[in-house]
Structures are given as C-alpha cells and as structure tokens.
Amino acid sequence: EYDGVDTFLFSPDSKRVAYTAKRGPKQLVVVDGTAGKEYDGIAQSTPVFSPDSKRLAYEARRGDKQLVVVDGVEGKEYDAIGQGTPVFSPDSKRVAYGAGRGGKQFVVLDGVAGKEYDGIGQGTLVFSPDSKRVAYAALSGGKQLIVVDGVAGKEYDGIVAGGPIFSPDSKRVAYVAERGGKQLVVVDGVAGKEYDGVDTFLFSPDSKRVAHTALRGRKQLIVVDGVEGKEYDGFLKGSRLVFDSPSQIHSLATRGGEALRVELEIVMRSAEPSGKSLTGYS
C-alpha cells in the first residue's frame with residue numbers, strides 16, 4: 001500500500017508492469033512489485049520500457065535538479081529534462097534524452113552530453129531503425145535546424161512538427177522545413193521545391209524514394225522524388241500515402257465532388273543522351 005499510485009504501464013511483451021507511487025512527500029517507481037529509490041518527484045510522462053521489455057527508464061527530480069534513471073542507475077543531474085524523453089533505441093541498447101543547463105539545451109546520448117543549442121525540439125528525438133544513428137530538431141538564434149549524428153544541418157525558419165524520419169535502411173534522413181512562409185521537404189540535406197504546405201511524407205520500403213502530399217493554392221497533389229502528380233481538390237480526411245511496393249503508391253483524394261483512389265506506379269525511363277535514368281510515374 002502507498003499514499004497514492006499513478007501512471008500504470010505494461011511492458012511491450014505484457015509480462016511486466018511499472019507505476020509511480022507516493023509515500024509521504026516522496027515519489028518512487030515500482031517495477032514488478034519492487035519499489036525503487038524515493039525522489040522529490042517523478043515525471044508523469046515516465047516510466048518507459050525498452051522495446052525488448054527488459055529495461056526501464058524514468059525522469060526524476062531531486063530538489064531543483066532533474067535526472068534520468070535507467071535500470072535503477074542515476075544519470076547526471078541537470079536543470080531540466082526534455083519532455084517526451086528518455087527514448088530507447090529500437091535494439092534497446094541505447095538511451096537518449098534532452099536536457100537543459102544554464103539556459104542551453106542539448107541531447108544526452110548514452111550518458112554523453114552533445115552540443116548545446118538554444119532549444120531542442122520536443123518529440124523530435126529519433127533513432128534510426130538500426131539503432132546506430134540519432135537525429136533531432138534544434139533551435140539556434142531564432143532559426144531551426146536538424147542535427148544528424150551530431151552534425152548540424154542548414155538553418156530554416158522552422159521545422160515542421162514531427163521532426164526528422166530515417167529511411168528503412170537507416171542511411172537517409174528527411175524532414176519538412178519552413179522558409180519564407182512556404183514548406184519544403186529536405187532529403188539528405190537537399191531542399192526540395194517550396195509549396196504552400198506539406199503534409200504526409202515517407203520513404204519507400206526500399207529507401208530509394210520519398211513521397212509526400214503538397215498544397216499549392218487550393219489544390220493538393222502527390223510528389224515523388226520531386227516529380228509532381230495531378231492536382232486534386234484535396235485528400236480524404238484520415239487518408240494517407242501508402243507504398244504498396246517500392247514502385248507503387250496509393251492514396252484517397254477528392255475531385256469535383258467525387259472520391260477517388262489514386263494509384264501511382266513509379267517507372268524508370270532512359271531519356272537523356274547521357275543514358276541516366278529519369279524518375280517518373282503514371
């Protein structure tokens with residue numbers, strides 16, 4: 001029995017359970033019935049289990065300092081810990097989280113603090129599928145940028161919510177940025193065409209293509225590797241782009257009061273004297 005309990009969490013394999021508990025003025029995390037160390041507070045967004053269910057991490061407060069506890073081991077104390085963190089890598093071996101100190105923010109990866117910025121984008125910290133790479137959004141002097149493997153990218157007016165995504169093979173990175181009131185998709189550091197808005201974007205299963213929906217005026221369209229498709233009145237609410245195969249994609253759109261299933265097939269055609277392949281779709 002405790003003075004209060006909160007934040008129940010099952011592990012991914014459903015075999016373990018953790019929750020926060022209150023004992024007098026202190027809070028603690030209970031894992032599989034075993035009480036952990038007491039702190040002045042436990043963040044409501046934690047604890048979190050690793051994907052393999054074997055590890056557990058949570059954010060705790062001691063006095064005016066905050067820290068991350070992983071598998072019962074305390075990390076370094078900071079002025080603040082970023083919301084939406086800590087984050088485990090897909091293989092459950094690595095842990096990353098945002099932290100603040102002296103008015104600056106940075107990412108702590110495997111216990112090592114990275115470069116300081118004016119801010120770290122909430123909910124943008126992500127591991128690559130192979131767990132070897134890390135990317136996140138950062139704020140620097142009023143501009144926003146994406147940091148990949150510790151290397152800062154080009155600055156933009158803003159980074160659209162959701163931050164960066166890795167390709168399935170972990171080799172490529174894409175994100176949506178804002179510049180001069182327009183939005184564009186940046187792939188592997190190369191900025192694409194500007195639109196009035198960019199919505200869903202994703203990599204193909206083989207990691208070779210990037211597709212996204214775009215808004216131009218009052219019309220919407222699908223763009224694949226920079227190649228524009230037909231314009232529609234809009235895409236059905238709740239619909240999304242889906243790669244059925246590396247060369248086939250579909251979505252649901254509206255035009256002239258009708259609902260349409262849009263199916264695209266990506267084709268390669270050698271149409272230049274150099275013999276280079278051009279990407280197009282039908």
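**Exercise 1. Work out how strand β27 pairs with β28, and place the pair in its sheet.**

Step 1. Strand β27, which covers residues 219-224, pairs with β28 in the antiparallel sense over four bridges; here strands are DSSP runs of E with at least two residues, numbered from the N terminus, and two strands pair if DSSP finds at least two bridges between them. The model is a predicted one, in which local features need pLDDT of at least 70, side-chain atom pairs count only at pLDDT 80 or more, and totals for chains, interfaces and linings use all residues. Residues are numbered from 1 along each chain as its sequence is written, and side-chain values use heavy atoms, with hydrogens and water left out.

Step 2. To find one of the bridges, start at Val223, whose bridge partner in β28 is Glu228.

Step 3. The pair belongs to an open sheet of four strands in the order β25-β26-β27-β28, with antiparallel pairing. Its edge strands, β25 (197-203) and β28 (227-232), each pair on one side only. On average, neighbouring strands of this sheet are turned by 20° against each other, direction ignored, where the axes are lines fitted to C-alpha atoms.

**Exercise 2. Describe the open sheet that has the order β1-β2-β3-β4.**

Step 1. Four strands form this open sheet, and their pairing is antiparallel. Pairing on one side only marks β1 (4-10) and β4 (34-35) as the edge strands.

Step 2. Within the sheet, β2 (residues 17-23) and β3 (residues 26-31) pair in the antiparallel sense over six bridges, and Ala18 stands opposite Val31 in β3.

**Exercise 3. Locate the cis peptide bonds at Pro47 and Pro86.**

Step 1. Recall the background: most residues other than glycine have a negative phi, and most peptide bonds are trans.

Step 2. Thr46 and Pro47 are joined by a cis peptide bond with omega of about 10°, and Pro47 is found in the loop between β5 (41-42) and β6 (48-49).

Step 3. From Thr85 to Pro86 the peptide bond is also cis, with omega near 10°, while Pro86 is found in the loop between β10 (80-81) and β11 (87-88).

**Exercise 4. Decide whether Ser131 is buried or exposed, and then describe Asp149 in a similar way.**

Step 1. Ser131 is not a glycine, yet its phi is positive, at about 70°; this residue lies in the loop between β16 (126-127) and β17 (134-140). With a relative accessible area of 3%, Ser131 is buried, where buried means under 20%, exposed over 50%, and partly exposed in between (1.4 Å probe, protein chains only).

Step 2. Asp149, also a residue other than glycine, has a positive phi near 55° and lies in the loop between β18 (143-148) and β19 (151-152). Its relative accessible area of 40% makes Asp149 partly exposed.

**Exercise 5. Summarise the protein chain: how many helices and strands are there, and what percentage of the residues count as buried?**

Step 1. The protein chain has zero helices and 33 strands, with helices taken as DSSP runs of H or I of at least four residues.

Step 2. Of its 282 residues, 41% count as buried, and along its principal axes the C-alpha trace spans about 70 × 40 × 35 Å.

Step 3. Among contacts with a separation of 6 or more, 29% come from residues 24 or more positions apart, a contact being heavy atoms within 4.5 Å.

Technical notes:
Axes are lines fitted to C-alpha atoms, for helices over the stretch in contact, and angles run from 0 to 180 degrees between N-to-C directions.
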